[in-house]
Amino acid sequence: MFGFLRGYFSTDLAIDLGTANTLIYVRGKSIVLDEPSVVAIRQEGPSGKKTIQAVGIEAKQMLGRTPGNIQAIRPMKDGVIADFNITEQMLKFFIKKVHDTRMFHPSPRIIICVPSGATQVERRAIRESAIGAGARQVYLIEEPMAAAIGAGLPVAEATGSMVVDIGGGTTEVGVISLGGVVYTASVRVGGDKFDESIINYIRRNYGMLIGESTAEAIKKEIGSAFPSSEVREMEVKGRNLAEGIPRSFTVTSNEILEALTEPLNTIVSAVKSALEQTPPELGADIAEKGMVLTGGGALLRDIDRLLMEETGLPVIVADDPLTCVVRGSGRALEEMDRLATVFTND
Amino acid sequence: MTEQMPAGAGRTLAQAREARGLSQADVADKLKLTSRQIEALEADEYDKLPAMVFVRGFIRNYARLVGLDAEALVQSVGGAGTVTETITAPSEGVTITRPPLARWLVLLLGGLGIFLLLVALLYTWLKRGEEAYVEEVAVEQPVEADTADPLPARPVEGSRSENGDLVTVEVPIPALDAGPAPAPAPGQATVPAVPSPGAAPTPAESPGTSSNAPRQPAGQAVAQVRDVQPEAPVKAPAGKGLHFTAGEDSWVQVVDGDGRRYSKLIPAGGTDTIAGRPPFRIVVGNAASVRMSYNGQGIDLQPFTGQRVARLTLE
């Protein structure tokens with residue numbers, strides 16, 4: 001009822017609700033929040049009520065280290081909502097965190113990103129959870145479009161631009177021209193799959209069990225997507241499956257490359273299939289300019305080399321790839337009226 | 001676009017390439033670019049290349065290939081800094097301190113304050129207006145009554161004696177209740193109609209002594225009333241008109257046949273008499289403690305009394 005009034009006390013937000021990280025851009029400001037999409041929940045008693053213990057960075061540190069009554073949950077999976085209520089609570093927490101006002105419940109207009117491959121049900125779920133978290137109005141924008149805007153590609157011009165956004169849960173491939181998406185594909189492979197592959201590889205080859213955080217650290221430290229002459233090593237600690245005792249061992253970058261081959265191949269084939277489906281005129285533009293990598297996956301060493309060798313096209317990594325999507329959504333927010341066509345209608 | 005670039009970037013890349021013994025074709029092959037694009041990069045001719053975002057990417061790739069610090073070169077090309085600046089640290093303690101909303105709050109509260117002030121002013125103004133109206137009626141009534149109805153004598157019955165013991169009230173003359181009042185006999189009634197506050201007993205006695213109306217010419221009487229008690233309302237001759245006696249604080253409101261309105265507060269023990277033409281529309285507050293008579297005939301207010309207020313029309 002007082003939505004319009006509360007609107008005065010709220011600032012419009014663009015949210016990149018990612019599998020790994022949630023970023024929030026505030027209209028007229030910049031990115032004000034960048035936290036892991038993790039919620040820690042404490043259960044009081046066996047059938048007691050559940051309360052939120054921590055959200056974001058604090059909760060992520062608990063991941064895999066929680067006692068029995070606390071559960072650290074990642075409510076997003078593969079770019080979409082896996083746990084509706086927890087996602088809503090997390091969004092509510094983040095929205096409140098970026099609003100300083102105490103007098104009113106914030107009721108902002110929100111632009112929120114969805115993977116292009118998200119189904120109607122998944123989109124609906126994201127929209128509903130944002131409304132449940134207090135949003136007055138929710139606009140959805142497809143991630144490839146947001147990533148392209150954020151990377152600074154000339155999306156509104158009559159020239160084809162190709163963007164590959166490798167996120168935590170999904171990889172989005174999009175070809176964009178004249179402010180619209182010409183082709184888009186989404187594969188459910190991303191940073192999480194890389195971690196998973198590393199865990200599996202180490203269990204298979206070393207008989208050691210490592211956690212998700214360790215796998216992520218290995219990926220960041222010595223992970224690479226293309227063989228290079230320089231071989232790097234890293235000491236890792238994990239539990240020996242046979243003995244059941246924690247042990248330390250050393251892995252090399254070549255081993256990790258081998259571990260990552262499978263998910264990387266999925267990405268490469270998604271890119272190739274996108275190029276196949278692209279109309280020839282736009283294909284020519286892409287051959288001239290190349291494709292742009294965004295998202296956290298673009299930080300994987302030599303992933304641009306891999307795509308360059310596989311496709312024979314120039315590949316560049318966007319400036320600050322981690323925040324491209326939210327910056328793009330932010331620009332869409334700033335120019336909401338002018339860029340009306342970039343929002344999806346459903 | 002070209003002029004804002006320092007000439008260095010392309011030359012540095014070309015020198016590094018030559019130092020490694022690579023040809024432009026080698027680099028083009030490695031970076032999947034055309035030789036034309038490599039030439040343009042080395043000559044800093046960025047207008048022959050796609051948008052700056054791509055140029056920065058190309059330079060970054062090229063620099064990495066020849067083993068140079070990519071970021072320094074990209075910075076020297078310019079433009080990238082504006083984008084990377086928007087990265088922020090994790091959100092710890094990052095909140096919007098004073099959004100422009102505060103201004104709205106001030107406006108809202110200010111508006112509310114002004115509104116309340118206006119309401120208060122309006123209220124006091126209306127209240128004052130009401131009081132002024134009541135006073136006005138009370139003051140002008142004697143004059144009006146005087147001029148409008150000069151014929152009947154208007155002896156004043158000293159009712160407003162503040163000593164309270166108003167014997168005069170008790171001496172209505174029933175004989176006078178029919179028709180217009182007889183002409184006064186000037187000089188006949190020697191009893192001063194208006195008691196001075198100090199000499200309350202005098203009027204109390206006088207009606208008792210001369211039973212056929214202590215009267216005085218109207219003008220004189222009114223003048224006397226004014227002299228002594230300027231706030232006194234219309235006085236009817238004793239026993240004539242409407243007469244009220246209040247046991248407790250109460251009020252009356254009377255509208256007579258001419259549409260004149262009388263509003264009076266009667267203190268406890270006070271009396272009041274109102275002349276006018278019937279029919280009277282009468283409202284009496286605290287009716288239980290008020291006795292009313294009209295031309296000497298007592299009227300029982302009981303049947304007309306609601307909760308505390310009696311309303312009746314007297315023909």
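This passage describes the two chains of a predicted model, then a set of paired strands in chain A.

Chain A holds 346 residues, and 56% of them count as buried. Its secondary structure comprises 11 helices and 19 strands. Among its contacts between residues at least 6 apart in sequence, 61% link residues at least 24 apart. The accessible surface of chain A is about 14400 Å². Carbon and sulfur atoms account for 49% of that surface.

Chain B has 315 residues, of which 41% are buried. It contains 9 helices and 8 strands. Of the chain B contacts with a separation of 6 or more, 64% fall between residues 24 or more positions apart. Chain B exposes about 17200 Å². Carbon and sulfur atoms supply 58% of this area.

Three strands of chain A were followed in detail. Strand 14 of chain A spans residues 208–209, and strand 15 of chain A spans residues 233–240. The two run antiparallel and are joined by 2 bridges. Within this pairing, Met208(A) has Asn240(A) in strand 15 as its bridge partner.

Strand 15 of chain A also pairs with strand 16 of chain A, residues 246–252. This pair is antiparallel too, with 7 bridges. Here Val236(A) is matched with Phe249(A) of strand 16. Strands 15 and 16 of chain A form a hairpin with 5 residues between them. In that hairpin, Gly244(A) adopts a positive phi near 75 degrees. Strand 15 of chain A thus has strand 14 as one partner and strand 16 as another.

Terms used. Residues numbered from 1 in each chain as written. Chains lettered and ligands numbered in written order. Predicted model: local features only at pLDDT ≥ 70, side-chain atom pairs only at ≥ 80, totals over all residues. Heavy atoms only, no water. Helix = DSSP H or I, 4+ residues; strand = E, 2+ residues; numbered from the N terminus. Buried < 20%, exposed > 50% of the residue type's maximum accessible area, 1.4 Å probe, protein only. Contact = heavy atoms within 4.5 Å. Areas by Shrake-Rupley, 256 points an atom, 1.4 Å probe, with all protein chains shown as cover. Pairing = 2+ DSSP bridges.
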